[in-house]
Amino acid sequence: MTATAPREGELWSRCAGCASLLYRKRLRRNLDVCPECGEHTRLAAPERLRQLVDPGSFTPLPDRPAEVDPIDFVDVLSYRHRLSAARAGTGLAEAVVCGTATIGHQRCALAVMDFRFLGGSLGAAVGELITLAAERALEDGVPLVLVTASGGARMQEGALSLMQMATVSQAVAALREAGLLTVSVLTDPTYGGVAASFATNTDVVLAETGARMGFAGPRVIRQVTGRALPEGFQTAAFLLRHGQVDMVVPRHALRGRLVALLAAARAGRRARSRPAVPRQEPAPAARPAAVATPRAVAAAAAPADAWQTVRLARHPGRPTTLDYLDSAFEGFVELHGDRLGGDCPAVVGGLARLDGRHLMVIGHQKGHTTGELVARNFGMASPAGHRKALRLMRLAARLGLPVVTLVDTPGADPGVGAEEQGQAAAIAENILSLSVLPTPVVAVITGEGGSGGALALAVADRVLMLQHAVYSVISPEGCAAILWPDRGAAPQAARALRLTAPDLCRLGVVDDLVAEPVPAAHHDPEAAARALREAVLANLLPLLDVPPATLVRRRRQRFRRFGAARAGLRAGAR
Ligand SMILES: [Zn+2]
């Protein structure tokens, strides 16, 4: 908020953040962000549009809102009087401006709310206009971008304003069904009925720096609880930490982020509209793994002692998921949060490109230093991490983007909190959902493939494994402690568990072994990234033309085989 200093007139304004006196033209050039302290001034809808869309591309929706005062509401002033004053004060017909435009030459429909107009409140006309924008997006087959700023529902319209939450939400649902991207940009403030509907039920939720969002406002919460609120409550950083938003974006980067998101969505739409060519012969990707050719690869790989491999797989210098995202992939846009209350640092995911192809990448993140490892919980995902991964997998499938997972975890988080939040069910849901996910999935075990936590990201059409990675039902130490019973017997347990890549290729659990640079990935991370990239491409490309139903059927067959493991073992053993 910037209060205009009266004596300086229109030329100057005083920053609400740092009280600097700012030349208005300079402030505007800086997108109304204070150059001194970074305070993001609230924007009127027309100015917001000017900042976001390609110049001259905006076409307002032709529909005008009907005159409404559905319940003849009167407080100290009549609702009609307040409406007229808002119109005169803003030059707008309602608290939202809707239309179509291009952003980075990509078409979309937009609805931008304006807080100056009766606090951006959600009434029947606002609901109708946003719904029309969503319907226009559906008709044109383009994404919908919503920029929210609202105190909540418009009480002057009674329960009819409440109903707008459902009206707009079902329009968002129609876009979801059609696989069209919906993005909301939360700006300050976004509360109440808007927060609890289309501000947060979209595919991707961005929060502009300085935005606050919540269902109940701080004043109400203080009244109800009688307690002081924590520092930074409901701020963008708070929302990110609590899994409510995908990212916090400063105003100058907002347009660029939208361009990247729209580009990924467009790539998915194009891929989906490509006529699928059902193949006569099963694609190489679908060959039964029991007769997998990797036996040849496995035989060629130098036989290593299993315990030595375990130590290599755990080496702190080994490239992590973020390292691969930086080296083997391009243009990573990280998406955060499970939308339920957490953002697990042990799982990272988001949109990226591989050799120019848009996809979703999800992986466990460890770290190289003790500090990094602790901050990432050693790559052990919480239920929030599994739910974030699930959300991103489903988003990818809806948008028509393939999924690549990078697995590197000692196992799922075994803590008390994880149990309280349903760790078992979270893993279970991922395994089930991946088995029917209607988009290509390639999993790569890059380091440690530990137990159920690993499988939660590894039910895939193709499962690849780096040469010195391991994949196991239990850690060798854990196995030794139970069965020998002596933790010191871990090396023997490692050998007995058949957890190396060549062993797992023979068992058909893994389809392809990815050779590492000699002696191991951490000695030449760039070469390791190249090998991973080539292996993923070689395994992913044949899947892209397979119709989703066929893909899912083959994936289920792939894992169905393990129910008759004896036959698989015999076929693969020699
Ligand atoms: Zn300032």
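In this predicted model, the buried residues of helix α18 pack against α11 and α19 (490–497). Helix α18 spans residues 476–483, and its buried members are Pro476, Glu477, Gly478, Cys479 and Ala480.

One of the two packing partners, α11, can be followed further through Thr309, a residue of that helix. Thr309 has a relative accessibility of 2% and therefore counts as buried, the cut-off for that class being under 20%. Apart from neighbours within four places in sequence, Thr309 is in contact with Ala304, Gln467, His468, Ala469, Val470 and Thr500.

Val470 leads on to an internal space. The model contains 1 cavity of 30 Å³ or more, and the volume of the largest cavity is about 100 Å³. Of the 13 residues in its lining, those closest to the centre are Arg314, Glu448, Val470, Ser475 and Pro476. Val470 is thus named both among the contacts of Thr309 and among the lining residues closest to the cavity centre. Pro476, likewise listed there, is also one of the buried residues of α18.

Which elements each supply at least two residues of this lining? They are α11 (306–313), β16 (441–450) and β18 (470–472). Strand β16 gives the most, with 3 residues. In chemical character, the lining comprises 7 nonpolar, 4 polar and 2 charged residues.

The account now turns to the metal site. A zinc ion is coordinated there by the SG atoms of Cys15, Cys18, Cys34 and Cys37, at 2.3 Å. Why is the arrangement of the 4 donor atoms tetrahedral? The angles that they subtend around the zinc ion run from 104 to 114°, and four donors count as tetrahedral if all angles lie between 85 and 135 degrees. Along the chain, the donors follow the spacing C-x2-C-x15-C-x2-C. Within this set, the pair Cys18 and Cys34 links distant parts of the chain, the two residues being 16 residues apart. Cys18 belongs to the loop between β2 (12–15) and β3 (21–23), whereas Cys34 belongs to the loop between α1 (24–29) and α2 (45–52).

Are these two cysteines buried or exposed? Cys34 has a relative accessible area of 3% and is therefore buried. Cys18, with a relative accessible area of 31%, is partly exposed, because that class lies between the buried limit of under 20% and the exposed limit of over 50%.

Note on methods:
Residues are numbered from 1 along each chain as its sequence is written. This is a predicted model: local features need pLDDT of at least 70, side-chain atom pairs count only at pLDDT 80 or more; totals for chains, interfaces and linings use all residues. Side-chain values use heavy atoms; hydrogens and water are left out. Donors are N, O and S atoms within 2.8 Å of the metal (3.2 Å for Na, K and Ca); water is not among the atoms, so sites may look incomplete. Four donors count as tetrahedral if all angles lie between 85 and 135 degrees; four count as square planar and six as octahedral if opposite donors are over 155 degrees apart and all others between 65 and 115; anything else is irregular. Helices (H or I, at least four residues) and strands (E, at least two) are DSSP runs, numbered from the N terminus. Buried means under 20% relative accessible area, exposed over 50%, partly exposed in between (1.4 Å probe, protein chains only). On a 1 Å grid over the protein atoms alone, a cavity is a set of points where a 1.4 Å probe fits but cannot get out, and a pocket is an open set with protein on both sides within 12 Å along at least five of seven lines; lining residues have an atom within 4 Å of a point. Grid points are joined across faces, edges and corners, and a volume is the space filled by probe spheres set on the points. Ala, Val, Leu, Ile, Met, Phe, Trp, Tyr, Cys and Pro count as nonpolar, Asp, Glu, Lys and Arg as charged, and the others, Gly among them, as polar. Contact means heavy atoms within 4.5 Å.
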